[in-house]
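Me: I am new to this structure and would like to go through it slowly, with the reasoning spelled out at each step. Please begin once it is on display.

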Amino acid sequence: MATQFLKSHVINLQDDMSKVQSSGDTVTPGSIPKSALSAVTEIRGVRIAGHGPELIWDVSIKSGCVVRTLHDAEKARISTSDTHVVDGQNAILAPSLCHPHIHLDKCFLLYDPKYSDLSIEKGDLTEALSLTARAKARFTAEDLERRGCWLINESIAAGVTCMRAFVEVDASVRLKCLDAGLKLKHDYRDACEIQICAFAQDPLFSGEDAVEGRRLMEDALGRDGVDVVGTTPYVEASEDLMRKNVDWAIEMAMKYGEHLDLHLDYHLDANKEPMVYYVIDALHGRQWLRENMAKKIVLGHCTRLTLFTKDQWHNLRTRIGDLPVSFIGLPMSDLFMMGKPSDDRGGGERVRGTLQIPQIIQQYGFEGAIGINNVGNAFTPHGSCDPLGIASMGVGVYHAGTEYNAAILYETVSTRAKVAIGCRELNKSGTQDGGRGDFVLFRSGLVGGGRVRRTLQQVVYDPPKSRLVLYKGRAVSSSAEF
């Protein structure tokens, strides 16, 4: 993630960023002092997402926050001797990106030679669970940190400054994944806000390891740096045990004062009652708004809800009430795993197996976002760490091609995603005075000039590869490509 752009513009961060970047496979920018990441005090000559392409702005930053935003019509050029100024070259400046749901410990298993024998043969959920279980038996601190660094490095280069990272806790890996996740959270603390979700992928009330699984999860939740309780109710052996899983997860979130994140209703069976109703009733019954009101509730996957009628959506919205619930669609994994026709169907019937996030936001008033979920493993072998990739794919998946839809899609991988997981308040442009200086500057990236995206709609249609990334007003990545 070199700094040729910055070197050729007003400031030269080469020496500073060389401390952050390396030519090897792993980088830990947070392991160095903040002073090694160069602060940007002003970004001159940019278009700001949501303010029209005809206006050109200067954005001033102090102590990591926006202190002034002026456009050409209202500003007199303010001279400054400060050298930490970026020439925006009329490019789009937008709020930084967010992973609201990404699995840190099992990323890139298909790219690591250590797991080369665990190849995909069927491409279904059962196989993905089996291959991942076999891989987990081989996890070591070294390979967890190495692959985790790959994910975080590529994410930051794409513009991600906030993520919720799931790390599994169970009788197989015990606290090994958690330890690696907490180390990476600390190492990258000055380049990206990383929430750690202690995640029970395995059953907590079914099978011989259930009691041990619950004990390990409680051990994990007592650790400093853990932010979220995560479980997977649908892996339990019966509906009664699924409900116990939900009840336990809510109890733990309230006991430890954490966010709650459930993998829920991951199927397309219209004959099964959605578990989401029980979750909402249980949250109300436990007085979440009174006892844990500062914490967020995220429901991921929820592909069963794609079969809802309008009346069912309206009913669910009414039942949720003021609960801080957000739905996270995971289209990369959902479309790979869900709705696959049987071999004897001829391949003609393919159900859309992912939540229509833009629709439920616009039509029914839900909070929602979209996430990558997995990358480079049997759950999601394709794709990259760039959230804009799924936003762009969403134009087709969600039939969302208008300017307004494009803005919603961008928000679902940026500001709405941050709100869903409790990173920061919803801020449409991110440039209001006092807002944190977390931005992406989208450039053409071509020597001698190239096609500049003038609107956020164009950024979503065709995401530029060249990006300057700021976190708390500091340049953490500058890349022609990533």
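Me: Is phenylalanine 139 buried or exposed?

Reply: This is a predicted model, and the answer follows from the computed accessibility of the residue. Residues under 20% relative accessible area count as buried. Phenylalanine 139 has a relative accessible area of 2%, so the class for phenylalanine 139 is buried.

Me: How are the rings of tyrosine 115 and phenylalanine 139 arranged as a pair?

Reply: A search of the whole structure finds 11 aromatic pairs. In the case of tyrosine 115 and phenylalanine 139, the ring centres are 6.2 Å apart and the planes stand at 90°. Planes over 60 degrees apart are counted as edge-to-face, so this pair is edge-to-face.

Me: How many residues apart in sequence are the parts that this pair ties together?

Reply: Tyrosine 115, which is buried with a relative accessible area of 1%, lies in the loop between β6 and α3. Phenylalanine 139 lies in the loop between α3 and α4, so the parts tied together by the pair are apart in sequence by 24 residues.

Me: Which residue lies over the face of phenylalanine 139?

Reply: Besides its aromatic partner, the ring of phenylalanine 139 has a charge over its face, at 5.0 Å from the ring centre. A charge counts as sitting over a ring only within 6 Å of the centre, and the residue in this place is arginine 147.

Me: What kind of pair do the rings of tyrosine 234 and tyrosine 266 form?

Reply: Tyrosine 234 is partly exposed at 22% relative accessibility, whereas tyrosine 266 is buried at 7%. Their ring centres lie 5.9 Å apart, with the planes at 55°. Planes under 30 degrees apart count as stacked and those over 60 as edge-to-face, so the pair, falling in neither class, is tilted.

Me: Which helix gives the most to the largest nonpolar core?

Reply: The largest nonpolar core has 113 residues, of which Leu151, Leu299, Leu316 and Phe327 touch the most other members. Eight residues of this core come from the helix that gives the most, spanning residues 239-256, and that helix is α7.

Me: Which residue of β7 stands opposite cysteine 98?

Reply: Strand β6, residues 97-103, is mostly covered, with seven of its seven residues buried. Five bridges join β6 to β7, residues 160-168, and the two strands run parallel. Opposite cysteine 98, the residue standing in β7 is cysteine 162.

Notes:
Residues numbered from 1 in each chain as written. Predicted model: local features only at pLDDT ≥ 70, side-chain atom pairs only at ≥ 80, totals over all residues. Heavy atoms only, no water. Core = buried A, V, L, I, M, F, W, Y, C linked by side-chain atoms within 4.5 Å. Buried < 20%, exposed > 50% of the residue type's maximum accessible area, 1.4 Å probe, protein only. Helix = DSSP H or I, 4+ residues; strand = E, 2+ residues; numbered from the N terminus. Pairing = 2+ DSSP bridges. Phe/Tyr/Trp six-rings, centres within 6.5 Å; stacked < 30°, edge-to-face > 60°. Lys NZ or Arg CZ within 6 Å of the ring centre and 35° of its normal.
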